[in-house]
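Let's take a friendly walk through this model together. Keep the viewer open and follow along from the overall fold to one helix and its surroundings.

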Amino acid sequence: MTSPNGGHDRISTKTKLANELRILGNVLARARERAGLKQFDVAARLSLPPSYLSKIENGTRRLDVIEFVQIANAMNIDPSEILQELETALGVTTPAASSHVGGAG
């Protein structure tokens with residue numbers, strides 16, 4: 001089914017998530033800096049040009065989960081640590097995180 005405007009009124013996912021993509025980029029950049037790495041270092045470990053990582057960190061390139069894990073691994077950081085920081089930055093409270101009780105058994 002097409003929209004009355006022939007699809008011209010549709011908003012791309014990238015546009016809808018522009019703010020979230022910038023936040024993800026900021027989180028990844030901070031994680032990289034904490035690891036003492038430059039964009040060039042991480043990009044080299046991924047065999048990609050530094051502009052690839054720059055676009056992600058600037059929020060102008062979408063990132064799939066496989067790429068996310070590869071970037072985290074290239075920085076020697078557990079991807080779940082970055083995800084936790086991202087959730088905090090996005091103001092997301094997951095049911096698992098809010099119901100988790102440490103040491104209970």
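Contact, as the word is used here, means heavy atoms within 4.5 Å. With that in mind, look at helix 5: what covers its buried residues includes helix 2, helix 3 (39-45), helix 4 and helix 6. We will come back to this helix after a look at the whole chain. Please remember throughout that this is a predicted model.

Start with the overall picture. The chain has 7 helices and 0 strands, and reading along the sequence gives the pattern α-α-α-α-α-α-α. Of the 105 residues in the chain, 29% are buried. Among contacts with a separation of 6 or more, 59% join residues that lie 24 or more positions apart. On the outside, the chain exposes about 7,100 Å², and carbon and sulfur atoms supply 53% of that area.

Now move inward. The largest nonpolar core holds 19 residues, and those that touch the most other members are Leu 28, Val 42, Leu 63, Ile 71, Met 75 and Ile 82. At least two residues of this core come from each of helix 2 (18-34), helix 4 (50-57), helix 5 (65-74) and helix 6 (79-90). Helix 2 supplies the largest share, with 5 residues.

Ile 71 is a good place to pause. Which residues does Ile 71 contact once its neighbours within four places in sequence are left aside? They are Leu 28, Val 42, Leu 46, Tyr 52, Leu 53, Ile 56 and Leu 63.

Ile 71 also brings us back to helix 5, where the buried residues are Glu 67, Phe 68, Ile 71, Ala 72 and Ala 74. Viewed down the axis of helix 5, these buried residues fall within an arc of 160 degrees, so they line one face of the helix.

Turn to the other side of helix 5, and you will find Val 65 and Ile 66 exposed. Why does Ile 66 count as exposed? The cut-off for that label is over 50% relative accessible area, and Ile 66 counts as exposed because its relative accessibility is 53%. Ile 66 is found in helix 5, and together with Val 65 and Val 69 it forms a nonpolar patch on the surface. The accessible area of the three residues together is about 260 Å².

So helix 5 shows two sides: a face lined by its buried residues, and another side where Val 65 and Ile 66 are exposed.

How values were computed: Residues numbered from 1 in each chain as written. Predicted model: local features only at pLDDT ≥ 70, side-chain atom pairs only at ≥ 80, totals over all residues. Heavy atoms only, no water. Core = buried A, V, L, I, M, F, W, Y, C linked by side-chain atoms within 4.5 Å. Buried < 20%, exposed > 50% of the residue type's maximum accessible area, 1.4 Å probe, protein only. Helix = DSSP H or I, 4+ residues; strand = E, 2+ residues; numbered from the N terminus. Areas by Shrake-Rupley, 256 points an atom, 1.4 Å probe, with all protein chains shown as cover. Patch = residues over 30% accessible without salt bridge, like charges linked within 9 Å, V, L, I, M, F, W, Y side chains within 5 Å. Salt bridge = Lys/Arg side-chain N within 4 Å of Asp/Glu carboxyl O. Arc of directions from axis to C-beta.
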